[in-house]
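User: I would appreciate a close look at one part of this protein, with the reasoning set out step by step. Please concentrate on the helices and on how they pack and join.

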Amino acid sequence: MNLIKSVTQSAIKTLEPGDTIRDTSLRGFGARRRKNTVTFFVKTRHRGKQRWITIGSHPAWSAERARQQASDILRNVDRHFEPTIDKDKSETTAITFKEAFDRFTAAHGPHIKPSTLREYTRITQRVIVPYFKNKPLKDFKRADCQALHQSLVMAPSAANHARGIISVVFNWAIVEELIPDALNPTKGVRKYKQISRAQFLSQDDLRRLAKALHEALLRNEASRIQVATILLLLFTGARRNEIFTLKRSYVDPHRMIAYLPDSKTGKKVLHLGPYAMSILDSIPEVEGNPYYMVGRKEGTCISEIKKPWDKIRKRAGLEGFRLHDFRHSFASFAADQGASARAVGALLGHASIETTKLYLHIFNQRAKTTSLQTGQAIDNILSGAMILQTSPPPSGNPATHSDPQGHTEQGSVSPNQAE
């Protein structure tokens with residue numbers, strides 16, 4: 001949308017992606033918003049040719065400062081001088097990485113996932129800034145970035161993350177002309193090869209886990225909500241926060257799916273299957289709380305189960321096995337049942353958007369079949385322990401997932417008793 005109004009600080013805050021403001025008092029001066037950035041420009045003619053000159057971007061440039069720069073450019077054009085931008089040398093030569101990072105997050109922070117932004121900030125504050133201190137960006141060399149990278153050789157993941165953050169911030173600073181004529185100093189700094197931490201459960205591991213979960217309930221080392229959370233991670237292959245923050249309104253019990261409005265990869269359909277639905281049905285609803293995995297505070301969900309999980313995995317002989325490894329294990333069990341890579345990708349939310357659009361019907365059907373087969377394989381192994389009732393619904397009545405009489409075997413935990 002093209003708007004004709006005065007270019008001010010308040011005006012540029014109202015711009016939507018694709019909008020352009022053309023100033024009413026200074027002809028040729030304006031501002032435009034692309035996806036994440038507002039850029040000031042001046043449009044004029046010089047030596048018979050139309051020139052569109054980019055001045056700079058907000059917040060590095062304020063509206064008033066950009067207006068003054070545009071006025072100077074137009075004045076030079078009237079005098080038949082080359083239209084150039086008079087950069088503030090003190091700003092472009094003295095800016096440090098911390099200052100550049102603060103400007104970068106101010107401009108792009110609202111468009112970065114909160115968890116990613118927190119990780120960027122953590123590594124910047126703990127690793128990058130203490131290493132470079134007040135060194136100006138213009139003085140960064142490849143050797144400096146290589147030295148930082150090598151200093152973190154014992155933590156290859158942190159080293160690679162730090163390199164990536166420096167690269168992103170430098171690319172942004174170069175585009176914004178905060179360090180004109182600069183090259184990205186991370187170019188040529190090779191990432192460390194990282195050994196995968198992924199672990200996979202064997203059938204023997206599952207049997208020990210089943211026994212450990214049952215004992216944790218008997219010893220009051222874990223609540224039924226916490227055990228249900230672990231079982232859902234096992235039966236769905238979902239990410240931890242997808243289960244922690246699962247709301248009842250997301251779940252369609254008849255189709256046995258959950259519509260997640262936001263995940264690591266955006267919107268996602270989580271296939272639950274009858275075994276996962278049985279676990280969810282065993283969790284009583286708490287009035288005023290929208291979540292399945294209710295937290296201690298009113299209206300909240302759980303945020304961590306580290307302490308009970310540490311005890312459970314130690315008793316099961318699974319030291320080092322992370323909650324996220326249930327996701328890898330689910331994929332492994334799915335593959336063992338003959339699922340294709342595409343079916344597993346669709347089930348876990350790894351399929352690309354374009355591929356999903358082309359094969360949406362096929363992928364959804366494969367994902368449902370894979371979810372059922374995988375749940376059956378896991379349930380066959382766990383069924384001897386009867387931690388939580390996970391029997392599939394009787395055929396022909398998918399909306400019923402538990403024994404209407406509430407019967408349980410001796411030593412088992414009834415879903416109706418779950419907290």
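The request and a connected reply follow.

User: Which residues of α6 and α7 make the contact between these helices? Please also describe the other helices and loops for which similar detail is available.

Analyst: The model is a predicted one, and the description below should be read accordingly. As background, the protein has 16 helices and eight strands. Of its 419 residues, 45% count as buried. Among contacts with a separation of 6 or more, 58% join residues that lie 24 or more positions apart.

The pair named in the request comes first. Helix α6 covers residues 142-151 and helix α7 covers residues 156-175; their axes are 8 Å apart and the packing angle is about 155°. Angles over 145 degrees count as roughly antiparallel, and α6 and α7 are therefore roughly antiparallel to each other. The crossing of α6 past α7 is right-handed. On the α6 side, the contact is made by Cys145, Leu148 and His149, while α7 contributes Ala159, Asn160, Arg163 and Ile166. Sorted by class, this contact of α6 with α7 has four nonpolar, two polar and one charged residues.

A second helix pair can be described in the same terms. Helix α4 (residues 97-108) and helix α5 (residues 114-132) cross at roughly 175°, and their axes come within 11 Å. That angle makes α4 roughly antiparallel to α5. From α4, the residues Phe97, Lys98, Phe101, Phe104 and Thr105 meet a set in α5 made up of Leu117, Tyr120, Thr121, Thr124, Ile128 and Val129. By class, the contact of α4 with α5 has seven nonpolar, three polar and one charged residues.

One residue of α5 merits separate mention. Pro130 is placed in helix α5. Its relative accessible area is 41%; because buried means under 20% and exposed means over 50%, Pro130 counts as partly exposed. The C-alpha atoms of Pro130 and Lys98 are separated by 9.8 Å, although these residues are 32 residues apart along the chain. Lys98 is also one of the α4 residues that meet α5.

Further along the chain, helix α9 offers a view of burial. Helix α9 (residues 224-236) has 13 residues and reaches 18 Å from its first C-alpha to its last, close to the 18 Å expected at 1.5 Å a residue. This helix is mostly covered, as eleven of its 13 residues are buried. The buried residues include Ile225, Val227, Ala228 and Thr229. Also buried in α9 are Ile230, Leu231, Leu232, Leu233, Leu234, Phe235 and Thr236.

The backbone around α9 has some notable phi values. Just after α9, Gly237 takes a positive phi of about 70°. Most residues other than glycine have a negative phi. Asn220, however, has a positive phi of about 60° although it is not a glycine. Asn220 is found in the loop between α8 (203-218) and α9. With a relative accessibility of 69%, Asn220 counts as exposed, whereas α9 is mostly covered.

A further case of this kind is Met256. Its phi is near 55°, a positive value in a residue other than glycine. Met256 lies in the loop between β6 (251-252) and β7 (257-260).

To return to the request, Cys145, Leu148 and His149 of α6 make the contact with Ala159, Asn160, Arg163 and Ile166 of α7.

Notes:
Residues are numbered from 1 along each chain as its sequence is written. This is a predicted model: local features need pLDDT of at least 70, side-chain atom pairs count only at pLDDT 80 or more; totals for chains, interfaces and linings use all residues. Side-chain values use heavy atoms; hydrogens and water are left out. Axes are lines fitted to C-alpha atoms, for helices over the stretch in contact, and angles run from 0 to 180 degrees between N-to-C directions. Helices (H or I, at least four residues) and strands (E, at least two) are DSSP runs, numbered from the N terminus. Angles under 35 degrees count as roughly parallel, over 145 as roughly antiparallel, 65 to 115 as roughly perpendicular and the rest as oblique. A crossing is left-handed if the near helix is turned anticlockwise from the far one by less than a right angle, and right-handed if clockwise. Contact means heavy atoms within 4.5 Å. Ala, Val, Leu, Ile, Met, Phe, Trp, Tyr, Cys and Pro count as nonpolar, Asp, Glu, Lys and Arg as charged, and the others, Gly among them, as polar. The expected span of a helix is 1.5 Å times one less than its number of residues. Buried means under 20% relative accessible area, exposed over 50%, partly exposed in between (1.4 Å probe, protein chains only).
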